[in-house]
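Visitor: I would like a close look at a single part of this protein rather than a quick tour. Could you choose one part, follow its partners step by step, and then place that part within the whole?

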Amino acid sequence: MGDTKAERKELNAGEILCQEGAVPDGLFCLISGEISVWREGVEIGSVNGQGESLGEMSLITGNPRSATLQAKVASEVLHVKRGLHEIRRRLGERCDGRIQ
């Protein structure tokens, strides 16, 4: 992943990390806090485990974002913004065709 670029991003409570339907520009890794997952205006879950990845499904499928991610509390993520083709290839290999 020689061309990978990652940046830390701080979010205030209520701040949108990415919007459902958007073209993916990377994936996120939760450093601290809690992120709500919304689909079609309904909260369907949340992520609060340090090191959890978010937004990887769009990289695997090549489809637009399937959910909106919103900081539930003040949070910090690592946004991996480059090397997406390599990330997609590696994630796809791990999934080994299990995602349709």
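Guide: Two strands are said to pair if DSSP finds at least two bridges between them, and that rule is what we need for the part I have chosen, strand β8, which covers residues 75-80. Please keep in mind from the start that this is a predicted model.

Let us begin with the partners of β8. On one side, β1 and β8 pair in the antiparallel sense, and six bridges connect them; to find one of these places for yourself, look for E10, whose bridge partner in β8 is E76. Strand β3, made of residues 27-32, also pairs with β8, again in the antiparallel sense, this time over five bridges. Here a useful landmark is L30, which stands opposite V77 in β8.

If we now step outward from β3, we come to β6, with which β3 pairs in the antiparallel sense over two bridges, and at this border C29 faces S53 of β6. Putting these pairings together gives an open sheet of four strands, in the order β1-β8-β3-β6, with antiparallel pairing. The strands at the two edges of this sheet are β1 (6-11) and β6 (53-54), and because each has a single partner strand, one side of each is left without a neighbour in the sheet.

How covered is β8 itself? Five of its six residues are buried, so that the strand is mostly covered. For comparison with the protein as a whole, buried residues make up 31% of its 100 residues.

One residue of β8 leads us from the sheet to the interior, namely V77, which we have already met opposite L30. The largest nonpolar core has 13 residues, and V77 is among the members that touch the most others, together with L11, L17, F28, I35, L54 and L69. The elements that give two or more residues to this core are β2 (16-18), β3, β4 (35-39) and β7 (68-71). A helpful residue to follow here is L17, for its contacts, leaving aside residues up to four places away in sequence, are K9, L11, F28, L69, Q70 and V77. In this way L17 touches V77, a residue of the core that also has a place in β8.

From here it is worth a short walk to the strands that pair with β7. Strands β2 and β7 run antiparallel and are joined by two bridges, with Q70 in β7 as the bridge partner of I16. Strands β4 and β7 also run antiparallel, joined by four bridges, and among the places to look is W38, whose bridge partner in β7 is T68. Strand β4 also holds S36, which counts as buried because its relative accessibility is 4%, under the 20% limit for that word. The side chain of S36 meets the side chain of E43 in a polar contact of 3.0 Å. Apart from neighbours within four places in sequence, S36 is in contact with E43, G45, S46, T68, L69, Q70 and K72.

Q70 appears once more when we turn to G14, in the loop between β1 and β2. Although G14 and Q70 are 56 residues apart along the chain, their C-alpha atoms are separated by 6.0 Å, and G14 touches both Q70 and A71. G14 itself is partly exposed, with a relative accessible area of 39%. This pair fits a wider pattern, in that residues 24 or more positions apart account for 77% of the protein's contacts with a separation of 6 or more.

Since C29 came up at the border with β6, a word on cysteines is in order. C29 counts as partly exposed at 24% relative accessibility, whereas C18 is buried, with a relative accessible area of 9%. A search of the whole structure finds zero disulfides.

Finally, let us put β8 back into the whole. The protein has two helices and eight strands, and from the N terminus on its elements run β-β-β-β-β-β-α-β-β-α. In the open sheet, β8 stands between β1 and β3 in the order β1-β8-β3-β6.

Note on methods. Residues numbered from 1 in each chain as written. Predicted model: local features only at pLDDT ≥ 70, side-chain atom pairs only at ≥ 80, totals over all residues. Heavy atoms only, no water. Buried < 20%, exposed > 50% of the residue type's maximum accessible area, 1.4 Å probe, protein only. Contact = heavy atoms within 4.5 Å. Core = buried A, V, L, I, M, F, W, Y, C linked by side-chain atoms within 4.5 Å. Polar contact = N/O pair within 3.5 Å; in protein donor to acceptor, adjacent residues only side chain to side chain. Disulfide = S-S within 2.5 Å.
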